[in-house]
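Colleague: I am new to this structure and should like to understand the terms used to describe it. May I ask for the reasoning behind each of them?

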Amino acid sequence: MDKDVAVIIGAGGIGLAIARRVGIGRIVLLADYSEKALGVAAEQLRGAGYDVSTHVVDVSQPDAVAALADTAAELGPVTQVVHSAGVSPVQGTTEQVLHVDLLGTALVLDEFARVIAPGGAGVVISSMAGHMAGAYPYDTEHALASTPVSELLDLPFLSPEEVGNSGAAYALSKRANALRVQAAAVEWGKHGARINCISPGIISTPLAQDEMSGPGAEGYRQMIETSAAGRIGTPDDVAEAAAFLLGQQAGFITGSDLLADGGVIAALRAAQAWPVGRAQS
């Protein structure tokens with residue numbers, strides 16, 4: 001009897017924490033852009049007793065994402081998909097953020113809708129940045145949610161010149177993630193599967209450490225101090241939420257976006273921190 005397959009896209013701290021939480025008894029297909037990072041992460045999981053396969057992938061490339069989905073299906077029934085790959089505003093240019101964080105997520109949602117097994121579930125790891133500016137105009141949000149993936153980056157308002165800096169690109173991409181997940185829930189539902197989104201706050205990962213040592217370091221410290229939780233999050237905080245959304249207890253939840261930020265957005269809305277702006281990351 002084939003083992004179920006859990007696909008973890010992104011071998012960083014959050015992806016690994018989720019893999020440890022949901023990969024027991026399954027084949028874990030670990031995918032990442034960096035072959036080196038992939039090797040290190042796979043070795044850690046194998047050393048802890050997990051059954052791990054690896055696949056190098058660039059999520060901004062349609063053929064690469066399709067090949068990853070096909071590889072997953074060849075290993076066995078794909079019952080869980082976690083997409084946690086991305087670049088932050090400090091790590092990438094506006095164009096790179098749009099290609100990886102926005103287009104990459106849309107590609108993963110489309111391709112894994114093809115191979116997800118009945119009863120399966122997926123989670124996209126987005127960011128609280130998608131909540132910072134509130135909703136965009138209706139026409140913008142509708143286009144972000146429903147434009148075919150092959151035409152997505154051709155939308156005029158997604159040109160790097162129109163978007164602006166990488167922080168604005170990040171916030172827009174993360175808002176788009178939640179919108180694409182909501183739209184994708186209908187297609188995934190046709191296959192008897194669910195798909196949801198988690199928008200973490202400041203989580204102690206290398207990505208967050210890059211951001212907290214960048215130009216916005218003081219802002220990040222202020223967000224942590226004024227948040228309801230009063231602390232930075234951990235990868236395990238996100239993994240627990242992901243495990244719930246991927247599990248049977250969440251069987252009636254799909255197309256949702258779970259804000260898991262320790263109350264940062266609550267503090268912003270209550271004006272305990274600086275005013276919300278689209279350029280914030």
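Modeller: Let us begin with helix α2, which lies across β2 and β3 and runs at about 175° to β3. Please bear in mind that the model is predicted.

Colleague: What makes the direction of α2 relative to β3 roughly parallel or roughly antiparallel?

Modeller: Angles over 145 degrees count as roughly antiparallel. The angle between α2 and β3 is about 175°, and therefore α2 is roughly antiparallel to β3.

Colleague: Which strands does α1 lie across, and at what angle does it run to β1?

Modeller: Helix α1 lies across β1 (5-9), β2 (27-32), β4 (78-83) and β5 (116-125). Its direction is at about 170° to β1. Since the limit for roughly antiparallel is over 145 degrees, α1 is therefore roughly antiparallel to β1.

Colleague: Why are α1 and α2 called roughly parallel to each other?

Modeller: The axes of α1 (residues 13-22) and α2 (residues 35-47) cross at roughly 25° and come within 11 Å. Angles under 35 degrees count as roughly parallel, and α1 and α2 are therefore described in that way. Their crossing is right-handed.

Colleague: Which residues of α1 and α2 meet?

Modeller: On the α1 side they are L16, A19 and R20, and on the α2 side A41, Q44 and L45. By class, the residues of this contact are four nonpolar, one polar and one charged.

Colleague: What makes α1 oblique to α11?

Modeller: Helices α1 and α11 pack at about 50°, with 8 Å between their axes. An angle of about 50° is neither under 35 nor over 145 degrees, and it does not fall within 65 to 115, so α1 is oblique to α11. The crossing of α1 past α11 is right-handed. Among the residues that make the contact are G13, I14 and A17 of α1 and P235, V238 and L246 of α11. The contact of α1 with α11 has ten nonpolar, one polar and three charged residues.

Colleague: Why is α1 said to be largely enclosed by the rest of the structure?

Modeller: A residue is buried when its relative accessible area is under 20%. Seven of the ten residues of α1 are buried, so α1 is largely enclosed. These are I14, G15, L16, A17, I18, A19 and V22. The buried residues of α1 pack against β1, β2, α2, β4, β5 and α11 (235-246).

Colleague: How do you know that both faces of β2 are covered?

Modeller: On one side of β2, I27, L29 and A31 are buried, and on the other V28, L30 and D32 are buried. Six of the six residues of β2 are buried, so this strand is largely enclosed by the rest of the structure.

Colleague: What shows that β1 and β2 pair?

Modeller: Two strands pair if there are at least two bridges between them. Strands β1 and β2 have five bridges, in the parallel sense. One of the bridge pairs joins I8 to L30 in β2.

Colleague: In what order do the strands of the sheet stand, and why is one side of β3 and of β7 left without a neighbour?

Modeller: The seven strands form an open sheet in the order β3-β2-β1-β4-β5-β6-β7, with parallel pairing. Because β3 (51-56) and β7 (257-260) stand at the edges and each has a single partner strand, one side of each has no neighbour in the sheet. From one strand to the next the twist averages 15°.

Colleague: How many bridges join β6 to its partners?

Modeller: Strand β6 (residues 194-200) is joined to β7 by four bridges and to β5 by five. Both pairings run parallel. I198 of β6 stands opposite I125 and also opposite L258 in β7, while S199 stands opposite L259 in β7. Seven of the seven residues of β6 are buried.

Colleague: Why is P206 called exposed, and A183 partly exposed?

Modeller: Exposed means over 50%; P206, in helix α9 (residues 206-212), has 55% relative accessibility and therefore counts as exposed. A183, in helix α8 (residues 166-190), has 38%, between the limits of 20% and 50%, so A183 counts as partly exposed.

Methods: Residues are numbered from 1 along each chain as its sequence is written. This is a predicted model: local features need pLDDT of at least 70, side-chain atom pairs count only at pLDDT 80 or more; totals for chains, interfaces and linings use all residues. Side-chain values use heavy atoms; hydrogens and water are left out. Axes are lines fitted to C-alpha atoms, for helices over the stretch in contact, and angles run from 0 to 180 degrees between N-to-C directions. Helices (H or I, at least four residues) and strands (E, at least two) are DSSP runs, numbered from the N terminus. A crossing is left-handed if the near helix is turned anticlockwise from the far one by less than a right angle, and right-handed if clockwise. Contact means heavy atoms within 4.5 Å. Ala, Val, Leu, Ile, Met, Phe, Trp, Tyr, Cys and Pro count as nonpolar, Asp, Glu, Lys and Arg as charged, and the others, Gly among them, as polar. Buried means under 20% relative accessible area, exposed over 50%, partly exposed in between (1.4 Å probe, protein chains only).
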